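Student: I'm new to this one and would like a close look at a single part of it. Could you walk me through it slowly?

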Amino acid sequence: MIKAVITRDTTGAINHFTLSGHADAGEYGQDIVCSAVSAVSIGAVNGIEALAGFTPDVEADEVNGGHLALAVDRGSLTGEQQHITQILLENLLLSLQSIEEQYGAYLTVSTANQH
């Protein structure tokens, strides 16, 4: 199962997400849940880089897969960069929740608040 954890800071802004595990919804190369989660999460990372114009801190297991994490240091961003980043991360959350609605046996999505 893929576990997605989206973390919000004290202002409610998303500043971190972690995806871990494998969906195991099909054979390697045929797993539509893995493909969907990968597409929306990598799309969010690439969108932040291209549209917000900065490179967030990203950790990924390039060899085995099953792990992707992104962290955003909002203190170093302009207001416009923060705005674009939040739109993309909120859209990621909505996309993951939509996938979870259809394929909840293979994906769980949770949100956490930093204190």
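Student: Let's take helix 2, and start with Gln81, which sits in it. Which backbone oxygen lies 3.1 Å from a polar atom of the side chain of Gln81?

Tutor: That's the backbone oxygen of Ala52. Before we go on, keep in mind that this is a predicted model. Gln81 has 16% relative accessibility, and since buried means under 20%, Gln81 counts as buried. Setting aside neighbours within four places in sequence, Gln81 is in contact with Ala52, Gly53, Phe54 and Ser76.

Now let's step back to the helix itself. Helix 2 covers residues 79-103, which makes 25 residues. At 1.5 Å a residue it should span 36 Å, and its end C-alpha atoms are indeed 36 Å apart, so expectation and model agree.

Gln81 has company on the buried list for helix 2, which also includes Ile84, Thr85, Gln86, Leu88 and Leu89. Further along, Leu92, Leu93, Leu96 and Ile99 are buried as well. What covers these residues includes helix 1 (32-52) and four strands: strand 1 (2-8), strand 2 (14-20), strand 4 (67-71) and strand 5 (107-113).

Gln86 is another glutamine of helix 2, and it's worth a stop. Its relative accessibility is 15%, so Gln86 counts as buried. A polar atom of its side chain lies 2.7 Å from the backbone oxygen of Ile14. Leaving out neighbours within four places in sequence, Gln86 is in contact with Ala13, Ile14 and Arg74.

For contrast, look at Gln102, also in helix 2. This one has 62% relative accessibility, and because exposed means over 50%, Gln102 counts as exposed. Gln102 and Val33 are 69 residues apart in sequence, yet their C-alpha atoms are 9.5 Å apart in space.

What about the nonpolar residues? In soluble globular proteins, nonpolar side chains tend to be buried together. Here the largest nonpolar core has 27 residues, and the members that touch the most others are Phe17, Leu19, Val37, Leu89 and Leu96. Strand 1, strand 2, helix 1, strand 4, helix 2 and strand 5 each give two or more residues to this core. Helix 2 gives the most, with seven residues. You can follow one link from Val37: apart from neighbours within four places in sequence, Val37 is in contact with Ile2, Leu19, Leu96, Ile99 and Leu107. Leu96 and Ile99 in that set are also among the buried residues of helix 2.

Finally, here's the sheet. It's an open sheet of five strands in the order 3-4-2-1-5, with mixed pairing. Strand 3 (57-60) and strand 5 stand at the edges, each with a single partner strand, so one side of each has no neighbour in the sheet. From one strand to the next, the twist averages 10 degrees. Strand 1 and strand 5 run parallel and are joined by seven bridges, and Lys3 stands opposite Thr108 in strand 5. Helix 2 packs on this sheet, touching strand 1, strand 2, strand 4 and strand 5, and its direction makes about 140 degrees with that of strand 5.

Methods
Residues are numbered from 1 along each chain as its sequence is written. This is a predicted model: local features need pLDDT of at least 70, side-chain atom pairs count only at pLDDT 80 or more; totals for chains, interfaces and linings use all residues. Side-chain values use heavy atoms; hydrogens and water are left out. The expected span of a helix is 1.5 Å times one less than its number of residues. Buried means under 20% relative accessible area, exposed over 50%, partly exposed in between (1.4 Å probe, protein chains only). Contact means heavy atoms within 4.5 Å. A polar contact is a pair of N or O atoms within 3.5 Å; within protein, one must be able to donate a hydrogen and the other to accept it, and residues adjacent in sequence count only if both atoms are side-chain atoms. A nonpolar core is a set of buried Ala, Val, Leu, Ile, Met, Phe, Trp, Tyr and Cys residues joined through side-chain atoms within 4.5 Å. Two strands pair if DSSP finds at least two bridges between them. Axes are lines fitted to C-alpha atoms, for helices over the stretch in contact, and angles run from 0 to 180 degrees between N-to-C directions.
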